[in-house]
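Here are some short exercises to work through with the model open beside you. Try each task yourself before you read its solution.

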Amino acid sequence: MADANSNVTIAMVAGEASGDLLASRLLSGLRPHLPQARMHGIGGARMAEYGFVSDWPMEKLSVNGLFEVLAHYRELKGIQITLRDRLLADKPEVFIGVDAPDFNFGLETQLRQAGIPTVHFIGPSIWAWRGGRIKKIARAASHMLVIFPFEEEIYRKAGIPVTYVGHPLAQVIPMVPDVAAARSALGLPAGGRVVAIMPGSRMGELKHNTIAFVQAARILAQRDPGMRFIAPMAGEKQSRFFRELVSQAGLQDLPIQLLDGQSHTAMAAADAVLVASGTASLEVALYKKPMVIAYKMMRATWEILRHMSYQPWIGLPNILAREFLVPELLQHNATPQALADALWAQLEDPVRQAMLRQRFTDMHHALLRDTANESAQAVLQVIEQNRRQPRRASPA
């Protein structure tokens with residue numbers, strides 16, 4: 001175990017709200033062992049709760065889509081180079097890349113070649129997209145922390161040190177959500193249907209998903225006039241953009257309660273969720289809620305990515321179940337009518353709701369580990385191993 005009284009520097013990069021949450025769980029386990037350590041890089045408000053200092057706003061990295069990233073390439077590359085140079089001079093005990101693989105893997109490779117150990121937390125979905133990434137990961141990461149049990153074998157076969165730490169959210173989210181408390185906290189009535197609309201936390205996701213999601217909500221409201229709609233937003237910038245998009249589309253007549261964060265409270269309160277593909281879909285599953293997973297993106301990006309998938313599912317609940325437990329509607333199939341029909345079918349089917357609750361409960365148990373402690377112990381072991389040997393460049 002690393003000496004808590006030593007002058008330790010930990011560098012980390014998380015690129016979006018989900019990564020900030022996941023990284024904060026690791027820090028909650030790491031900080032008690034290293035109470036005086038300097039922790040900096042790029043992260044968000046949840047990481048800051050554990051004394052992490054972000055050298056750039058995390059939102060700078062919250063760009064998705066091949067062509068969207070190209071539009072911001074110069075700025076992102078500039079941040080990456082500047083951070084790399086700082087860390088090469090600073091020589092932290094370890095660098096921890098949290099998700100954000102397109103940014104972190106390049107950075108990790110250069111740091112590792114300079115003798116700085118690198119831990120990557122949250123393996124990219126090589127089991128769904130871009131399977132050739134495994135060679136790149138082998139060059140970048142001294143150690144992988146993975147959150148799904150089936151990932152261990154993938155990395156071990158590739159000769160990459162790996163630790164399965166469970167999914168941090170499985171500890172954070174209660175096994176049985178308190179619907180009444182969540183509705184009370186949001187000022188919602190105890191009775192009546194509540195639908196959460198979650199088009200994404202990134203600006204690009206909002207741009208492409210919001211209108212179809214809100215139009216679907218309007219169709220649902222016509223079928224059930226008493227239905228309430230809530231939409232948690234990742235920040236004020238996202239909230240403003242959401243309102244602008246809704247207004248431009250002439251949909252402002254539909255009452256939607258925008259929430260400042262509070263995504264978990266929204267999921268707990270909801271009867272069903274319309275959610276963009278990503279970590280949020282797993283969170284919805286851990287809250288045991290019916291959902292429809294949808295996603296839209298730039299057409300050019302879609303045409304490239306759709307040929308890179310080698311399994312039929314993109315939603316995490318379906319990938320873990322190895323079947324279509326919940327509907328997935330992507331790109332041109334994610335029409336307002338299709339989204340509304342798919343969500344309505346689940347709202348009207350209590351037998352299916354009960355089946356989903358059981359399947360999602362089983363999933364929750366499978367992902368439940370002491371993630372904060374196990375991930376922290378893995379990082380501490382990497383630090384200790386590195387201290388026991390001279391710094392040297394890793395083979396390219």
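The exercises below go from the two sheets to single strands and residues.

**Before you start**

This is a predicted model, in which local features need pLDDT of at least 70 and side-chain atom pairs count only at pLDDT 80 or more, while totals for chains, interfaces and linings use all residues. Residues are numbered from 1 along each chain as its sequence is written, and side-chain values use heavy atoms, leaving out hydrogens and water.

Helices (H or I, at least four residues) and strands (E, at least two) are DSSP runs, numbered from the N terminus. Two strands pair if DSSP finds at least two bridges between them.

**Exercise 1. Trace the seven-stranded sheet and find its edges.**

Step 1: Follow the order E3-E2-E1-E4-E5-E6-E7; these seven strands form an open sheet with parallel pairing.
Step 2: Look for strands that pair on one side only, and you arrive at E3 (52–57) and E7.
Step 3: From one strand to the next, the twist averages 20 degrees. Axes here are lines fitted to C-alpha atoms, for helices over the stretch in contact, and angles run from 0 to 180 degrees between N-to-C directions.
Step 4: Now add helix H5 (residues 101–113), which lies across E1 (9–14), E2 (38–43), E4 (94–98) and E5, at about 165 degrees to E5. Contact means heavy atoms within 4.5 Å.

**Exercise 2. Describe the surroundings of strand E6 (residues 143–146).**

Step 1: Start with E5 (residues 118–121), which runs parallel to E6 and is joined to E6 by three bridges. Val-119 has His-143 as its bridge partner in E6.
Step 2: Turn to E7 (residues 162–164), also parallel to E6 and joined to E6 by three bridges. Here Leu-145 stands opposite Thr-163, and Val-146 has Tyr-164 as its bridge partner.
Step 3: Walk the chain from E6 through helix H7 (residues 151–157) to E7: this β-α-β crossover is right-handed. That is, with the strands pointing away from the viewer, the path from the first strand over the helix to the second runs clockwise.
Step 4: Check both faces of E6. His-143 and Leu-145 on one side, and Met-144 and Val-146 on the other, are all buried. Buried means under 20% relative accessible area, exposed over 50%, and partly exposed in between (1.4 Å probe, protein chains only).

**Exercise 3. Repeat the tracing for the six-stranded sheet.**

Step 1: The order is E10-E9-E8-E11-E12-E13, again an open sheet with parallel pairing.
Step 2: Its edge strands are E10 (257–260) and E13 (328–330).
Step 3: E8 (residues 194–198) and E9 (residues 228–233) pair over three bridges, with Ile-230 in E9 as the partner of Ala-196.
Step 4: Helix H10 (residues 203–223) lies across E8, E9, E11 (272–276) and E12 (291–295), at about 155 degrees to E11.

**Exercise 4. Is Ser-281 buried or exposed, and what does Ser-281 touch?**

Step 1: Find Ser-281 in helix H13 (residues 279–286).
Step 2: Ser-281 counts as buried because its relative accessibility is 0%.
Step 3: Its side chain reaches the backbone oxygen of Gly-278 at 2.7 Å.
Step 4: Beyond neighbours within four places in sequence, its contacts include Val-275, Met-291 and Pro-317.

**Exercise 5. Place Arg-46.**

Step 1: Arg-46 is in helix H2 (residues 45–48).
Step 2: With 43% relative accessibility, Arg-46 counts as partly exposed.
Step 3: Asp-20 is 26 residues away in sequence, yet 6.0 Å away C-alpha to C-alpha.

Key:
Polar contact = N/O pair within 3.5 Å; in protein donor to acceptor, adjacent residues only side chain to side chain.
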